[in-house]
Amino acid sequence: MEQLSAGGGGENAVEYFFKQERIRSKDALEIIWYHAANRRAQMKEALESDAHMIEADVIFGSQSPIMAHPPETDSDNTLQNWLNEVMQSDKGIKLDFKSLSAVEPAMKMLVSMKRSLTRPVWVNADILPGPSASTTARIAKEFLHIVTSYLPDVTLSLGWTTSKLVDQTQGYTWEMVKEMEHICQMLSQPVTFPVRAALLRLSWPQLHWLLQQSERYSLTVWAARDDSYALEDMLYIREDFDKSKIYYDLFEPQISALRQAAN
């Protein structure tokens with residue numbers, strides 16, 4: 001397998017955009033996300049937006065990886081076309097893999113574009129079951145083997161599966177975070193943990209402990225569009241940890257309200 005040289009996609013997003021003077025401080029809240037830039041129209045909108053990081057979902061189509069989020073099974077956009085377009089921009093990228101069969105062909109595409117990987121590149125998958133998980137699949141070993149074989153420096157975004165939040169009293173348990181740490185302590189590249197905003201405060205003792213285990217670790221706070229969570233909870237964790245290590249991929253109007261309150 002051809003590997004990328006050091007630095008291939010492993011640039012720290014906060015440091016990268018701060019050096020480019022595209023954010024004012026080393027505060028990950030300043031980084032703007034465009035979520036689910038899957039179809040061509042959304043991809044075009046994302047490329048024309050103020051977003052620093054573009055996130056999109058990858059599944060395996062009939063012959064190659066395509067950009068879609070289950071339960072969708074087709075798309076007007078292939079991963080190859082998506083990469084060709086986004087690599088011509090100044091955006092960072094986050095690829096959220098929704099099917100394991102798409103991972104290796106995607107890694108081969110990225111390796112073929114290694115000269116363009118002088119930007120933050122995040123590779124995401126839910127590798128362990130989490131709160132209210134609808135599946136107990138553990139894909140950590142296979143996913144990590146494929147990704148690290150091709151992209152030894154890329155930022156790994158490693159999460160827990162969650163389904164619709166019926167019970168918000170069940171957060172990320174000690175068992176969940178310790179299993180994740182056991183996996184990640186063997187790795188050498190940066191790791192960010194995507195965690196659901198509605199469960200953040202409830203699980204903060206566990207997640208705070210996890211972050212403290214390595215300088216390589218960060219959090220990415222996300223929410224489903226219908227999730228309910230308190231702005232105060234987001235502000236609380238900002239005051240309790242390094243602001244450069246907590247990213248917020250949230251919908252409007254919550255993200256604007258958080259930025260206003262933080263300032």
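Let's begin in a loop of this predicted model: Glu-21 is found between helix 1 (13-19) and strand 1 (33-34). The backbone there has a feature to look for, since phi of Glu-21 is near 60°, a positive value in a residue other than glycine.

**Two cis peptide bonds**

Two more loops are worth a visit. In the loop between strand 3 (65-67) and helix 3 (79-86) you will find Pro-71. The peptide bond that leads into Pro-71 from Pro-70 is cis, and its omega is near 15°. Further along the chain, Pro-253 sits in the loop between strand 9 (246-249) and helix 9. Here the cis peptide bond joins Glu-252 and Pro-253, with omega about 5°.

**Helices that pack together**

Next come some helix pairs. Two packed helices are described by the angle between their axes and the distance between the axes. The table gives both values for three pairs.

| Helix pair | Crossing angle | Axis distance |
|---|---|---|
| Helix 4 (residues 103-112) and helix 5 (residues 140-150) | about 15° | 9 Å apart |
| Helix 6 (residues 174-184) and helix 7 (residues 204-211) | roughly 15° | within 9 Å |
| Helix 8 (residues 231-240) and helix 9 (residues 254-262) | roughly 50° | within 10 Å |

How do helix 4 and helix 5 lie to each other, roughly parallel or oblique? Their axes meet at an angle of about 15°, and angles under 35 degrees count as roughly parallel, so helix 4 and helix 5 are roughly parallel to each other. Helix 4 passes helix 5 in a right-handed crossing. On the helix 4 side, the contact is formed by Val-103, Glu-104, Met-107, Lys-108 and Val-111, which meet Phe-143, Ile-146, Val-147 and Tyr-150 of helix 5. Sorted by class, this contact has 7 nonpolar and 2 charged residues, and no polar ones.

Now for helix 6 and helix 7. Their axes cross at roughly 15°, and that makes helix 6 roughly parallel to helix 7. The crossing of helix 6 past helix 7 is right-handed. Helix 6 brings Trp-174, Val-177, Lys-178 and Glu-181 to the contact, while helix 7 brings Pro-205, Gln-206, Leu-207, Trp-209 and Leu-210. By class, these are 6 nonpolar, 1 polar and 2 charged residues.

The last pair is helix 8 and helix 9, whose axes cross at roughly 50°. Helix 8 and helix 9 are therefore oblique to each other, and their crossing is right-handed. Leu-231, Met-234, Leu-235 and Arg-238 of helix 8 make the contact with Ala-257, Leu-258, Ala-261 and Ala-262 of helix 9. The residues of this contact divide into 7 nonpolar, no polar and 1 charged.

**Pockets**

Finally, let's turn to the open spaces. Rolling a probe the size of a water molecule over the atoms shows where empty space is left.

What is the volume of the largest pocket? The value is about 1300 Å³. The largest pocket is lined by 48 residues, and those nearest its centre are His-35, His-69, Asp-96, Lys-98 and Trp-222. The lining of the largest pocket is made up of 20 nonpolar, 14 polar and 14 charged residues.

The second largest pocket has a volume of about 180 Å³. Its lining counts 16 residues, and Asn-12, Pro-190, Arg-216, Ser-218 and Tyr-247 are the closest to its centre. Which elements give two or more residues to this lining? They are strand 7 (191-196) and strand 8 (217-222). By class, the lining of the second largest pocket divides into 6 nonpolar, 6 polar and 4 charged residues.

How values were computed
Residues numbered from 1 in each chain as written. Predicted model: local features only at pLDDT ≥ 70, side-chain atom pairs only at ≥ 80, totals over all residues. Heavy atoms only, no water. Axes fitted to C-alpha atoms, helices over the stretch in contact; angles between N-to-C directions. Helix = DSSP H or I, 4+ residues; strand = E, 2+ residues; numbered from the N terminus. Parallel < 35°, antiparallel > 145°, perpendicular 65-115°, else oblique. Left-handed = near helix turned anticlockwise from the far one by under 90°. Contact = heavy atoms within 4.5 Å. Nonpolar A, V, L, I, M, F, W, Y, C, P; charged D, E, K, R; others polar. 1 Å grid on protein atoms, 1.4 Å probe; cavity = no way out; pocket = protein on both sides within 12 Å on 5 of 7 lines; lining within 4 Å. Points joined across faces, edges and corners; volume = space filled by probe spheres on them.
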